[in-house]
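This report introduces one protein structure to a reader who has not met it before. Please examine the sequence and the structure shown below before reading on.

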Amino acid sequence: MLRFRLFDFPILVHWMFWVNMALLGGAVGADTPQEMQALFGWVGAAFVSIVIHELGHAFAMRHFGDRQVGILLYAFGGLARGSRWLGRVEDIIVSAAGPAVQIAIGFTLKLLVSGWETESILLDSFVHSFIYVSIFWALLNLLPIIPLDGGHICRAFLGSSRVRTALTISMVCACGIGLLALSSGSLITTLFFGMMAFNNWKELKGQPQVPWMEGR
């Protein structure tokens, strides 16, 4: 476990985060020094971008009076955990804050480095991977699938009386994305969205979600 504080937020990084990011970055087929540099650039970029994303949530929580917010990076991404209940509008704002900050910084860097290349494979990989994760992953995270941020926004928008509707929308979307990923041969993405659909189904049936799918 890696533990540190940033802007007075305690941050915990589980070792599975590094393993999963490495696998997503092509660790299995990285055989040459150049490929290893590109892999390290990818993992570093994913780490920085996801921390920025979670800080967006954390600062929004702090704005609404929560002084006990912690950040966890784990196998399937990250989550910011607060200590107080959020109102409907607050929940929407907090959920949107993470991807909003991430996308804004991603597009800013994209504009700053447009047409820019270096002789460093590591640096080039970091910059291009950071832009990709910050924009594409953040947009993907806005899909109305629970527990993604878009799913939290959808559930908060519909209200507590329509939780089953939010879960049904989430399950259908997750199944759809999972099938698209399967048809394109992306097994990791298929597994990721398949697990989300399964958890939505379990919650619809009144069963608790498995631990790794909890949180924001």
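Which residue follows α5, and what is the sign of its phi? The residue is G159, and its phi is positive, near 90 degrees. The model described here is a predicted one.

## The helix α5

Helix α5 covers residues 149–158. Seven of its 10 residues are buried, so this helix is largely enclosed by the rest of the structure. The buried residues are D149, G150, G151, H152, C154, A156 and L158. These buried positions of α5 pack against α2, α3 and α6, the last of which spans 163–183.

The loop between α4 and α5 contains P147. The peptide bond leading from I146 to P147 is cis, with omega near 20 degrees. As a general background, most peptide bonds are trans.

## Packing of α1 against α2

Helix α1 comprises residues 15–24 and helix α2 residues 33–63. Their axes lie 9 Å apart, and the two helices pack at an angle of about 125 degrees. The two helices are therefore oblique to each other. Their crossing is right-handed.

On the side of α1, the contact is made by F17, W18, M21, A22 and L24. On the side of α2, L39, W42, V43, A46, F47 and I50 take part. By class, the residues of this contact comprise 11 nonpolar, no polar and no charged.

## Packing of α2 against α3

Helix α2 also packs against helix α3, which runs over residues 88–112. The angle here is about 140 degrees, and the axes are 7 Å apart. This angle makes α2 oblique to α3. The crossing of α2 and α3 is right-handed.

In this contact, α2 contributes S49, I50, I52, H53, G56, H57, A60 and M61. From α3, the residues V94, S95, A97, G98, P99, V101, Q102 and I105 meet them. The classes represented are nine nonpolar, seven polar and no charged residues. I50 of α2 is thus listed in the contact with α1 and in the contact with α3.

One residue of α3 may be considered individually. V94 is placed in this helix, and V94 counts as buried because its relative accessibility is 0%. V94 and F59 are separated by 35 residues in sequence, while their C-alpha atoms are 8.5 Å apart in space.

## Aromatic pairs

A pair of aromatic rings is described by the distance of the centres and the angle of the planes. In this model the count comes to 12 aromatic pairs. One of them joins W42 and W137: the ring centres are 5.6 Å apart and the planes stand at 85 degrees, so the pair is edge-to-face. This pair links distant parts of the chain, with W42 in helix α2 and W137 in helix α4 (residues 121–140), 95 residues apart. W42 counts as buried at 11% relative accessibility, whereas W137 is partly exposed, with a relative accessible area of 24%.

Another edge-to-face pair is formed by F192 and F193, with 5.4 Å from centre to centre and 85 degrees between the planes. F193 has a relative accessible area of 1% and is therefore buried. Ring pairs also link F4, F17, W18 and F47 into a cluster. Among the cluster members, F17 and W18 of α1 and F47 of α2 belong to the contact of these two helices.

## The loop between β1 and β2

What is the phi of F7 near? The value is near 55 degrees, which is positive in a residue other than glycine. F7 lies in the loop between β1 (2–6) and β2 (9–13). With a relative accessible area of 51%, F7 is exposed.

D8 is found in the loop between β1 and β2 as well. Its phi is near 70 degrees, again a positive value in a residue other than glycine. D8 is exposed, its relative accessible area being 53%. For context, most residues other than glycine have a negative phi.

Technical notes: Residues numbered from 1 in each chain as written. Predicted model: local features only at pLDDT ≥ 70, side-chain atom pairs only at ≥ 80, totals over all residues. Heavy atoms only, no water. Axes fitted to C-alpha atoms, helices over the stretch in contact; angles between N-to-C directions. Helix = DSSP H or I, 4+ residues; strand = E, 2+ residues; numbered from the N terminus. Parallel < 35°, antiparallel > 145°, perpendicular 65-115°, else oblique. Left-handed = near helix turned anticlockwise from the far one by under 90°. Contact = heavy atoms within 4.5 Å. Nonpolar A, V, L, I, M, F, W, Y, C, P; charged D, E, K, R; others polar. Phe/Tyr/Trp six-rings, centres within 6.5 Å; stacked < 30°, edge-to-face > 60°. Buried < 20%, exposed > 50% of the residue type's maximum accessible area, 1.4 Å probe, protein only.
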